[in-house]
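Me: Could you take a close look at one part of this structure for me, the charged side chains and how they pair up? I would also like to hear about the aromatic rings.

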Amino acid sequence: AAAAGVAAAQWSRLPAVPILVLLGFAISRIPGGDGLRVDGAVPTLALAYLVFAAGLELEPARLVGNLGTALRVGLAQFVVIGSLGTLLASGLGFDAAAAAAIGVGLAGSSTIVGVRLLIERSQLGEAFGRVVLGVLLVQDLLMMLALAAIGSLGVDATPFPASPLVGILLLIAGHAALRRVGPRWIGAHDERPSLMILIASSVLFAFLGVAYYTGLPLVVGAFAAGVSLSAFPVGGMIRAPIASIGVFVSAIFFVALGGSIETPTPRDLLAAGALLAVVVLATPVVVAMAALRSGLARRESIEAGLLLAQCGELTLVLAVLGRGLGLLDAAAFSALSLATVVSMMATPLLATDRFAWWITARLPRRGFGRIPPIENHVVLLGCGRN
């Protein structure tokens, strides 16, 4: 099922995650398929590689020159969408803890979807593309803090005093060490993909060990390992070899996640639809307004909003973690998972150049940014689309 889902995603050019989740949901409904659950060693390993791969895409150096804009836009989206999601979840009847977890889950966009679309459209180097990458990094850091806080609720006592603080200091030290010796140490083996996989996995498991023995959630260690190896040129050497094992374990995880979703009741579907509306309708407005105030042009602001209008893979991690700790019941888990799956599928269909121009042409001029006077510019004609 995982192999079929990945193949279907490549053929349809849709994100693989929602397709895999839907396949897992379908398999769990056939006779004998009810044992498909997202628990055990394999899903835990898959989560680690999934978060590790997300961290590899987010090099902090990309924030240089866009730090202020990324912080303003990222914080605006996280706070506003998180607050709206929390209020809506409370209105739908979920308790305070579940509503807060749902709100945080709705506030984080998908790094995998956003980066993939920017690469496919050759927009990584454009102004709004760099801003989107910065916003994704800010949101992922905020999501990791939220996951650390939630995960700490279920962590048993560890053998060290003040263990979480010790763990954070050790992860920072490991990050600094890899930044210093990584290019020379890893670069010497860049022509041997199998060895690169071993090196990357060794770094990942070292960071996971620090997190485990100091009482931090494993996803914090995995994310720190990915960010530590993301810098150029190490990140470019690691991404391709690690992609094979990452796709393998994450595909199985998302199929198992789909099997963990209960058959939704009409109330669950209504809740999922309401959460989806907040993400798809409110996120583009919030992001576009924040981006306009930060100096981006009208169309670039709208395009950035459309690219960020989905929940992400870390939302699914939060849903699994919250379900395991009892913060989310079956209804809340299903509603949040369904909203995430549908929003990820909708993004490639909505975040298009044509749709961005359609929205731009219908916005009022006043209040949605003005084109500043242009001086000392050169216009090039006939250079092609790229």
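Reply: Happy to; here is a walk through the charged pairs, followed by the rings. This is a predicted model, so local features need pLDDT of at least 70 and side-chain atom pairs count only at pLDDT 80 or more, while totals for chains, interfaces and linings use all residues. Residues are numbered from 1 along each chain as its sequence is written, and side-chain values use heavy atoms, with hydrogens and water left out.

Let us start with Arg-299. A salt bridge here is a side-chain nitrogen of Lys or Arg within 4 Å of a carboxyl oxygen of Asp or Glu, and by this rule the count comes to two. In one of them, Arg-299 meets Glu-303 at 3.3 Å, N to O. Both residues belong to helix H13 (residues 298-307), four residues apart, or about one turn of the helix; helices are DSSP runs of H or I with at least four residues, numbered from the N terminus. Glu-303 is buried, its relative accessible area being 3% (buried means under 20%, exposed over 50%, partly exposed in between, with a 1.4 Å probe and protein chains only).

Arg-299 also forms a salt bridge with Asp-353, where the closest N and O atoms are 2.1 Å apart. This pair links distant parts of the chain, with Arg-299 in helix H13 and Asp-353 in helix H16 (residues 353-362), 54 residues apart. Asp-353 is partly exposed, at a relative accessible area of 37%. Through shared partners, the salt bridges join Arg-299, Glu-303 and Asp-353 into one network.

Helix H16 brings us to the rings. Phe-355 and Trp-358 sit three residues apart in this helix, so about one helical turn separates them. They form a stacked aromatic pair, 5.9 Å centre to centre with 15° between the planes. For such pairs, rings of Phe, Tyr and Trp (its six-membered ring) need centres within 6.5 Å; planes under 30 degrees apart count as stacked, over 60 as edge-to-face and the rest as tilted. Phe-355 is partly exposed at 28% relative accessibility, and Trp-358 is partly exposed at 46%.

The whole structure holds four aromatic pairs. Another of them joins Tyr-49 and Phe-52, whose centres are 6.5 Å apart and whose planes stand at 80°, so the pair is edge-to-face. Both lie in helix H3 (residues 41-56), three residues apart, about one turn of the helix, and both are buried.

Finally, a charge meets a ring: Arg-267 lies over the face of Phe-94, at 5.4 Å from the ring centre (the rule asks for NZ of Lys or CZ of Arg within 6 Å of the ring centre and within 35 degrees of the ring normal).

Conventions. Helix = DSSP H or I, 4+ residues; strand = E, 2+ residues; numbered from the N terminus.
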